[in-house]
Amino acid sequence: MINDFFDGIRSYGRAFQIIREMRLWKYVIIPGLLSLIIAFAIGSAAWGLSDNAGNLLASWYPFEWGHDFVANIAQWIGGILIALIGLVLFKYIVMIVASPFMSPLSQKVEERLTGRHTLNRGFNAGKAVRDILRGLRITFRNIFRELFFVGLLLLLSFIPVVGIVTTVAIFLVQAFYAGFGNMDYTLERHYLVSGSVRFVRRNKALAAGNGTIFLLLLMTGIGFLIAPPLATVAATIETVERLDTAVGVSEVENDLV
């Protein structure tokens, strides 16, 4: 399990090499610009809402005594809440907006790694709609689950000493679901939603390792510009190595009938 986690991290070095060798820069530049626009929009909104969230929390304190102290704490907590929600939303919005570029990028990398062309039947309107619905189903599933676990851990963080552990746990929860999304660009060609969920559960340490670097890149000044394509290629490398192709193709064939 620990090896899987570090495999998810180490694959980023190989991912950059593959992007360079295959000259996949167009998949880096366009999502990078989209990430920049999204980051600016969400950052501006979060900056404005943090004070409002703090004031709302402070208004729940009914006493005059210690009100200023509580207000300061509330501002701090409000800022953290907005930052966490903003990071979650930013992550998923980037994934959704970049998906038209990340899915073909993952496919090209898979073909390079396996030497086989993946199933391609041309454009099919019905399949396109099913793919969109599938993506939205996984996205909303992961958003609600992630927010639930993050909220629960945030409440536990107020317990002395436990707060240190929950801070790490919150990051790992977000990393797991980020890695899930990155791996699904490959899994969507092999599994139905239920199959993708089972695959990621069996490889949850790998997903967390991939998501860890992805989140760290998102939180840096310039790394978020290359985070989506780099994380997608890294996830594809490790996912392809673990795929049960026979089962995966069978599931896709059933879905397309």
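Arg 242 is partly exposed, with a relative accessible area of 23%. I begin with this residue in what is a predicted model. Its side chain meets that of Asp 7 in a salt bridge, at 3.2 Å from N to O. Asp 7 belongs to helix α1, residues 2–21, while Arg 242 belongs to helix α8, residues 227–242, so this pair ties together parts that lie 235 residues apart in sequence.

A second bridge joins these two helices. The side chains of Glu 241 and Arg 14 meet at 3.4 Å, N to O. Here Glu 241 sits in helix α8 and Arg 14 in helix α1, and the pair links distant parts of the chain, 227 residues apart. Glu 241 counts as exposed, at 52% relative accessibility, whereas Arg 14 counts as partly exposed, at 37%.

Please turn next to the bridge between Arg 112 and Glu 21, whose side chains meet at 3.0 Å, N to O. Arg 112 lies in helix α3 and Glu 21 in helix α1, so parts that are 91 residues apart in sequence are tied together by the pair. Arg 112 is partly exposed, with a relative accessible area of 42%. For Glu 21 the value is likewise 42%, and this residue too is partly exposed.

How many salt bridges does the count come to? The count is seven. Asp 7 and Arg 242 also appear in a network of salt bridges, in which they are linked with Asp 4, Arg 10 and Glu 238.

Let us now step back to the chain as a whole. Its secondary structure comes to nine helices and zero strands. Read from the N terminus, the elements therefore run α-α-α-α-α-α-α-α-α, where helices are DSSP runs of H or I with at least four residues. Of the 257 residues in the chain, 44% are buried. The chain exposes about 14,000 Å², and carbon and sulfur atoms supply 70% of that area. Consider also the contacts between residues at least 6 apart in sequence: 82% of them join residues at least 24 apart.

Part of the exposed surface deserves a separate word. Ile 85, Leu 89, Ile 93, Ile 96, Val 97 and Leu 147 form a nonpolar patch there, with about 430 Å² of accessible area together. Which element contributes the largest share of this patch? Helix α3, residues 67–114, does so, with five residues. One residue in helix α3 is Ile 93, which counts as partly exposed at 33% relative accessibility.

I turn to the aromatic residues. A pair of aromatic rings is described by the distance of the centres and the angle of the planes. The structure holds seven aromatic pairs. In one of these, the rings of Phe 148 and Phe 149 have centres 5.3 Å apart and planes at 70°, so the pair is edge-to-face. Phe 148 is exposed, with a relative accessible area of 53%, while Phe 149 counts as partly exposed, at 35%. The rings of Tyr 191 and Phe 199 have their centres 5.8 Å apart and their planes at 40°, so that pair is tilted. Both Tyr 191 and Phe 199 are buried. In addition, Phe 176, Tyr 177 and Phe 180 form one aromatic cluster.

Is Asp 184 buried or exposed? Asp 184, which has its place in helix α5, residues 162–187, is buried, because its relative accessible area is 7% and the limit for a buried residue is under 20%. Which residues does Asp 184 contact, once its neighbours within four places in sequence are left aside? They are Arg 134, Ile 138 and Ser 196.

Finally, a word on confidence. The mean pLDDT of the chain is 80, and 76% of its residues reach 70 or more. Two stretches have values under 50. Over residues 245–250, pLDDT stays under 50, and the model has six contacts there beyond four places in sequence. Over residues 252–257, pLDDT also stays under 50, and the model has 13 such contacts.

Definitions and conventions
Residues are numbered from 1 along each chain as its sequence is written. Side-chain values use heavy atoms; hydrogens and water are left out. Patches are made of residues with over 30% relative accessible area and no salt bridge: like charges are joined within 9 Å, nonpolar side chains (Val, Leu, Ile, Met, Phe, Trp, Tyr) within 5 Å. Accessible areas come from the Shrake-Rupley method with a 1.4 Å probe; for residues, only the protein chains shown count as cover. A salt bridge is a side-chain nitrogen of Lys or Arg within 4 Å of a carboxyl oxygen of Asp or Glu. Buried means under 20% relative accessible area, exposed over 50%, partly exposed in between (1.4 Å probe, protein chains only). Contact means heavy atoms within 4.5 Å. pLDDT is the predictor's confidence in each residue, from 0 to 100. Rings of Phe, Tyr and Trp (its six-membered ring) pair if their centres lie within 6.5 Å; planes under 30 degrees apart count as stacked, over 60 as edge-to-face and the rest as tilted.
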